[in-house]
Amino acid sequence: MLDLKFIPYKYWLNESQMIKVDGHELPIVIVPKENWPEGKNDPTEFSSDENVIRVRSDYDYKKDPLNWMKHELIHYLLHKKGSKDDGKQYPTNNTERVAYTYQFKKFKQQGIKKFEDLPDLGKKHHEKILKKYWEDA
Ligand SMILES: [Zn+2]
């Protein structure tokens, strides 16, 4: 039996659109909230297969309050460069390190001074490693 989750998004979504994030053109598709992968907390994800950034329909990607579009921008650019993931566990792998560091740098530029003051990114169980990325950002 076919599970909708395993059908590539491109077959049942409206077409991708280009948006600008930090001076880069990014292809995105908006995924209806009810079709977002179950158990996935983040409202965005980069698909290297489809080379597109998926955005859950309830996330305001234009305002990008959690800087997730900045995070996905890094995944997109690394993939474009042909940069390979080192295969370490999430989020200790090299691509997540670069993506989170950039995302955190944005929060710092927006005036957030302490890791504890970050908005909730749903990452409580990865706090130690993310705190390290925060310090490096
Ligand atoms: Zn990531």
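**Exercise 1.** In what order do the elements of the protein run from the N terminus on?

Solution. The model is a predicted one. Its secondary structure consists of 3 helices and 4 strands. Starting at the N terminus, the order is β-β-β-β-α-α-α.

**Exercise 2.** State what percentage of the residues count as buried, and what share of the contacts with a separation of 6 or more comes from residues 24 or more positions apart.

Solution. The protein has 137 residues, and 25% of them count as buried. Among contacts with a separation of 6 or more, residues 24 or more positions apart account for 61%.

**Exercise 3.** Classify the packing of helices H1 and H2 by angle, and give the handedness of the crossing.

Solution. Step one: H1 covers residues 68-80 and H2 covers residues 94-109. Their axes are 8 Å apart, and the helices pack at an angle of about 140 degrees. Step two: angles over 145 degrees count as roughly antiparallel, and 65 to 115 as roughly perpendicular. An angle of about 140 degrees belongs to neither class, so H1 and H2 are oblique to each other. Step three: the crossing of H1 and H2 is right-handed.

**Exercise 4.** List the residues that make the contact between H1 and H2, and divide them by character.

Solution. From H1 come Lys70, His71, Ile74, His75 and Leu78. H2 supplies Thr95, Val98, Ala99, Tyr100, Tyr102, Gln103 and Lys106. By character, the residues of this contact comprise 6 nonpolar, 4 polar and 2 charged.

**Exercise 5.** Determine which residues of helix H3 are buried, which are exposed, and where each group sits around the axis.

Solution. Step one: H3 spans residues 127-136, and Leu130, Tyr133 and Trp134 are buried in it. Step two: these three residues lie on the same side of H3, because the arc they cover around the axis is only 105 degrees. Step three: the other side of H3 carries the exposed residues Lys128, Glu135 and Asp136. Step four: the packing partner of the buried residues of H3 is H2.

**Exercise 6.** Locate Lys62 and decide whether Lys62 is buried or exposed.

Solution. Step one: Lys62 is in the loop that lies between strand S4 (52-56) and H1. Step two: 8 other C-beta atoms are within 10 Å of that of Lys62. Since a residue with 12 or fewer counts as exposed, Lys62 is exposed. Step three: along the chain, Lys62 and Lys20 are 42 residues apart, and 9.3 Å separates their C-alpha atoms.

Definitions and conventions
Residues numbered from 1 in each chain as written. Predicted model: local features only at pLDDT ≥ 70, side-chain atom pairs only at ≥ 80, totals over all residues. Axes fitted to C-alpha atoms, helices over the stretch in contact; angles between N-to-C directions. Helix = DSSP H or I, 4+ residues; strand = E, 2+ residues; numbered from the N terminus. Parallel < 35°, antiparallel > 145°, perpendicular 65-115°, else oblique. Left-handed = near helix turned anticlockwise from the far one by under 90°. Contact = placed C-beta atoms within 7 Å. Nonpolar A, V, L, I, M, F, W, Y, C, P; charged D, E, K, R; others polar. Buried ≥ 20, exposed ≤ 12 C-beta atoms within 10 Å, placed from the backbone. Arc of directions from axis to C-beta.
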